[in-house]
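Thanks for making the time this morning. I would like to walk through one chain, strand by strand where that helps, and I will give the cut-offs as the terms come up.

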Amino acid sequence: MDPNLSQLQAPPGAKLGHFGPEGKQVQYVHPHVWQREAAGDGERIVAAPKDQFVDLMLKLSACLEPPFSVLYILAIPRKCMPGRYQLEQSLSYKELVSMLAPFTEYLEGDARHHLWIYSFTSAVTLVYDQHNLIYAYGPLEKYIQTLGEAGLTEGKVEIPFPHMHNYFREFDSEEERFIESFTWKRTDLLPGVDD
């Protein structure tokens, strides 16, 4: 969808939209569920929370051992260069929280990006994508306990079809601030992976 057109159809912060009863775009809110699914030779958890995505990512990160790395994938840029932005330094858990918390509204409210958190010690990844889904690899039972404590229940994760990804000029300055606030190594997007 045209990044400018979506602004006319959805209120700022409606990262994922679908058609409501009157044929107009409305924000899609997941039903606050999680499910197990096959992934490679093992399994992963897919979580579809209704809100507080960054907070949940941080709670799931607390199931893992630091240090952490962050990969920020800017797939649909409006100000900066598109690409995979790999944070150059590793982070403690406290530093990870300090990095992401100030950008919660931006990360949760716009679909121009994906966010990956990697634990070097645990050697596993958490992925927060533009569909407001969280993919968790690694200690599944710990994740399930954390998701339960956050009020999620086991259920079917689905994405509406058709659906829209929305990009808002209100967040353009935050895109620049997020990129400029940290030291990154940028590489090109991976077609079919970062779309």
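Let me begin with the pairing of E3 and E10, which run parallel and are joined by 2 bridges. Helices (H or I, at least four residues) and strands (E, at least two) are DSSP runs, numbered from the N terminus, and two strands are said to pair if DSSP finds at least two bridges between them. Within this pair, Val33 has Thr153 of E10 as its bridge partner.

Before going further, a word on provenance: this is a predicted model, in which local features need pLDDT of at least 70 and side-chain atom pairs count only at pLDDT 80 or more, while totals for chains, interfaces and linings use all residues. Residues are numbered from 1 along each chain as its sequence is written, and side-chain values use heavy atoms, with hydrogens and water left out.

Taken as a whole, the chain has 6 helices and 12 strands. Its radius of gyration, which is taken over C-alpha atoms, is 16 Å, close to the 16 Å that the globule rule (2.2 Å times the number of residues to the power 0.38) gives for 195 residues, so the chain is as compact as a globular protein of that length. Along the principal axes, the C-alpha atoms fill a box of roughly 45 × 40 × 30 Å.

The pair I started with belongs to an open sheet of 9 strands with mixed pairing, whose order is E10-E3-E4-E9-E8-E7-E5-E6-E12. Why do strand E10 (153–154) and strand E12 (184–187) each have one side left without a neighbour in the sheet? They stand at the edges, each with a single partner strand, so there is nothing in the sheet to flank that other side. Moving inward from E10, we find E3 joined to E4 by 7 bridges, and these two strands run antiparallel; Ala38, for instance, has Glu43 of E4 as its bridge partner. The hairpin of E3 and E4 has 2 residues between the strands, and there Gly40 takes a positive phi near 65 degrees. Towards the other end, strand E5 (residues 68–74) and strand E6 (residues 83–87) run antiparallel and are joined by 4 bridges, with Gly83 in E6 as the bridge partner of Leu74.

Two helices pack on this sheet, where contact means heavy atoms within 4.5 Å. Helix H2 (residues 53–61) touches E5, E7, E8 and strand E9 (134–136), and its direction makes about 175 degrees with that of E8. Helix H5 (residues 140–149) touches strand E3 (33–39), strand E4 (42–48), E8 and E9, and its direction makes about 15 degrees with that of E4. For those angles, axes are lines fitted to C-alpha atoms, for helices over the stretch in contact, and values run from 0 to 180 degrees between N-to-C directions.

There is also an open sheet of 3 strands, antiparallel in its pairing, with the order E2-E1-E11. Here strand E2 (25–27) and strand E11 (164–165) stand at the edges with a single partner strand each, so one side of each is without a neighbour in the sheet. Strand E1 (residues 16–19) pairs with E11 over 2 bridges, in which Leu16 is matched with His165 and Gly17 with Met164. E1 pairs with E2 over 3 bridges, and the hairpin of these two strands has 5 residues between them, with Gly23 at a positive phi near 80 degrees.

Some backbone details deserve a check in the viewer. A cis peptide bond joins Pro66 and Pro67, with omega about 5 degrees, and Pro67 is found in the loop between H2 and E5. Another cis peptide bond joins Phe161 and Pro162, with omega about -5 degrees, and Pro162 is in the loop between E10 and E11. Ala123, in the loop between E7 and E8, has a positive phi of about 60 degrees although it is not a glycine.

Finally, which residues lie nearest the centre of the largest pocket? They are Trp116, Val127, Asp129, Tyr135 and Val193, out of 14 lining residues. On a 1 Å grid over the protein atoms alone, a pocket is an open set of points where a 1.4 Å probe fits, with protein on both sides within 12 Å along at least five of seven lines, and lining residues have an atom within 4 Å of a point. Strand E7 (113–119) and strand E8 (124–128) each supply at least two residues of that lining.
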